[in-house]
Amino acid sequence: MPILKLSLRAWRAGPGSQLGAVAISATLLLGLALLVCIELSMMSARGRLERENRLTIYISPAVPTSAESKLSDRIVQSLGAHAESSVTSKWVASSETLGFLKSEHPELYAEIRDLGSEGDALVPRVVHATASFEPSALSSAVTMLRDIPGVESVETTESRAAALAPAVRGLQWLLRVLALGVASAWVLGWVALARAHSASLAGVIKPLRLWGAGVWAARAPGILAGAWVGLPSGVLAGAGYFLLARPVLQRIAGSSALFESTAIPGMSGVVALILTSLLAGVAAGALSGSAEA
């Protein structure tokens, strides 16, 4: 019981400063967690940019409608021989393209209708396919597709991915620098708190040692004092993550196909924040008593 009272000495002496320490630590920890999660999302997006590719295969107008299904199966089989992942494909008929033009671009649709049969020949039939490829395997797959009778041309998203990848890498490094800065400020904050607690507990640890307390027993008031800051700080950061940061991350993941496969921690993230903050408080408390002990 005396040790518990001693550990609360800092709260009794300066409750405002302790609450401020809790708020600042929670804010920095939450900001660090958000930056780390976004950086991991960028890493996942970069991986998809570098390996995943979407191919648009244009079908020749000479291919009869009865041969469409067979041609589509052959295209998927050819891609599957080169892809690292399963191939997802979608056949888009001319009627679907015309329906899209009619709803989204009525002027262009009217011009095509005015051309009659010639306009129908201008409307492409395509197969959209998505899979992950090695760069060399993608080139081989495109070459093989172009050699299939009935395939008019093939387009890939390789050039677009190559243009976006440097920007993603730059954002990753920016996020890492920001995360390092926030982490440094968070650690320095705990060091400052450890010094403040050391001053608050000055003259307490040595008498405990003289009364027969061991090293860690003498440090117990400082360790508990750090825990009384680390625990509420972690709970506040965890609540902020679950109520504020996690919905933001989910919105980011849902706003782009690049981020849709990103894993967003739920309660496991909350628990990790609480334990991290609690351990930081315990470490700072142990540091505050090391000089006296």
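This is a short walk through one predicted model, going from a strand, to the cores, to a pair of tryptophans.

Okay, so let's start at strand β1, which covers residues 52–59. It has partners in two other strands. With β3, residues 125–132, β1 pairs in the antiparallel sense over 8 bridges. With β4, residues 151–155, the pairing is antiparallel too, over 4 bridges.

Now zoom in on T56, which sits in β1. Is T56 buried or exposed? At 13% relative accessibility T56 counts as buried, because the cut-off for that is under 20%. Its bridge partner in β3 is H128, and the side chains of T56 and H128 are also joined by a polar contact of 3.4 Å. If you leave out residues up to four places away in sequence, T56 touches V126, V127, H128, S153, V154 and E155. One residue along, I57 has V154 as its bridge partner in β4.

On to the nonpolar side of things. In soluble globular proteins, nonpolar side chains tend to be buried together. Here the largest nonpolar core has 22 residues, and those with the most contacts inside it are L55, I57, I59, I75, L79, F133 and L145. Which elements give two or more residues to this core? They are β1, α4 (68–80), β3, α8 (135–146) and β4. The largest share, 4 residues, comes from α8.

If you want one residue to click on, try I59. Setting aside neighbours within four places in sequence, I59 is in contact with L71, I75, W91, R125, V126, V127, G150 and E152. There is also a second, separate core of 19 residues, and W190 is one of its members, along with A33, A194 and A245.

That brings me to the tryptophans. The model has 1 aromatic pair by the rule used here. The pair is W186 and W190: their ring centres are 6.4 Å apart and the planes are at 90 degrees, so this is an edge-to-face arrangement. Why are they about one helical turn apart? Because W186 and W190 are 4 residues apart in helix α9, residues 158–200. Both rings belong to buried residues: W186 has 11% relative accessibility, and W190 has a relative accessible area of 7%.

One last thing to look at is W173. R176 lies over the face of W173, at 4.8 Å from the ring centre.

Methods
Residues numbered from 1 in each chain as written. Predicted model: local features only at pLDDT ≥ 70, side-chain atom pairs only at ≥ 80, totals over all residues. Heavy atoms only, no water. Phe/Tyr/Trp six-rings, centres within 6.5 Å; stacked < 30°, edge-to-face > 60°. Buried < 20%, exposed > 50% of the residue type's maximum accessible area, 1.4 Å probe, protein only. Lys NZ or Arg CZ within 6 Å of the ring centre and 35° of its normal. Polar contact = N/O pair within 3.5 Å; in protein donor to acceptor, adjacent residues only side chain to side chain. Contact = heavy atoms within 4.5 Å. Pairing = 2+ DSSP bridges. Core = buried A, V, L, I, M, F, W, Y, C linked by side-chain atoms within 4.5 Å.
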